[in-house]
Amino acid sequence: MPTVSKSSSVKKASSSANAKTLGDLFHEQLKDVYYAEKKILKALPKMAKGAESEELSAAFEKHRQETEGQVERLDRVFEIFGKRAQGKTCPAIDGILEEGEEVLEDFKGAPALDAGLIASAQAVEHYEITRYGTLKRWAEMLGMDDAAELLDQTLQEEIATDEALSELGDGRINERALEEASA
Ligand code: FE
Ligand code: FE
Ligand code: FE
């Protein structure tokens, strides 16, 4: 087996001048999540329409309304940061939402549809939770307490949504997915 030599030294910045800092990272992830929220805003009505269960449909509609407020919060965070509100393509959310579309198509009319929609929606929430958790922490480090507070408000909404979806699944929806279609 080849032996890998381990170096304890931290990699030095490459010789090309690259002075990107935490502020630049913050800006990039802010644009990322801005793009993501706007895509989610368009996806949620489709999920609400597709869901069999009225409860699940209502949960998606409730979160659509929350998401509108989350976009507004991001507008304010951009303002605090002194940059124009602007999105940047997030391939992760595009992929997660694409998988959700697949569930909508492939499980249409099936007993497992809603269980699949919950799983898709939770993948979205988890992506948002990781992004907002990081952004909040970085906002604090950058001395933007008001921005950190706004990001935390959204973070808490994403966590609550994730938990509500788990409860809906445990309620009846996952069990119903076990059933065979009656036809
Ligand atoms: Fe969101
Ligand atoms: Fe992303
Ligand atoms: Fe969300």
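In this predicted model, the buried residues of helix α2 pack against three partners: α1 (22–50), α4 (113–141) and α5 (145–178). These buried residues are Leu56, Ala59, Phe60, His63, Thr67, Gln70, Leu74 and Val77. A reader who follows the numbers along this list may find a general rule handy: an α-helix has 3.6 residues a turn, so residues three or four places apart point the same way.

Helix α2 itself covers residues 54–81, 28 residues in total. From its first C-alpha to its last it reaches 40 Å, close to the 40 Å expected at 1.5 Å a residue. Just after the helix comes glycine 82, with a positive phi near 80°.

Leucine 56, one of the buried residues of α2, is a good place to look into the interior. Leaving aside residues up to four places away in sequence, Leucine 56 touches Ala51, Asp114, Leu117, Ile118, Leu168 and Ile173. Leu56 is also among the residues with the most contacts inside the largest nonpolar core, together with Leu117, Ile118, Leu135, Ala139 and Leu151. This core has 40 residues, and the elements giving two or more residues to it are α1, α2, α3, α4 and α5. The largest share, 11 residues, comes from α4.

Another pairing to trace is that of α1 with helix α3 (residues 91–106), which pack at an angle of about 10° with their axes 11 Å apart. The two helices are therefore roughly parallel. On the α1 side, Ala36, Lys39, Ala43, Lys46, Met47 and Gly50 meet Ile93, Leu97, Gly100 and Leu104 of α3. By class, this contact has six nonpolar, two polar and two charged residues.

Note on methods
Residues numbered from 1 in each chain as written. Chains lettered and ligands numbered in written order. Predicted model: local features only at pLDDT ≥ 70, side-chain atom pairs only at ≥ 80, totals over all residues. Helix = DSSP H or I, 4+ residues; strand = E, 2+ residues; numbered from the N terminus. Expected span 1.5 Å × (residues − 1). Buried ≥ 20, exposed ≤ 12 C-beta atoms within 10 Å, placed from the backbone. Contact = placed C-beta atoms within 7 Å. Axes fitted to C-alpha atoms, helices over the stretch in contact; angles between N-to-C directions. Parallel < 35°, antiparallel > 145°, perpendicular 65-115°, else oblique. Nonpolar A, V, L, I, M, F, W, Y, C, P; charged D, E, K, R; others polar. Core = buried A, V, L, I, M, F, W, Y, C linked by C-beta atoms within 7 Å.
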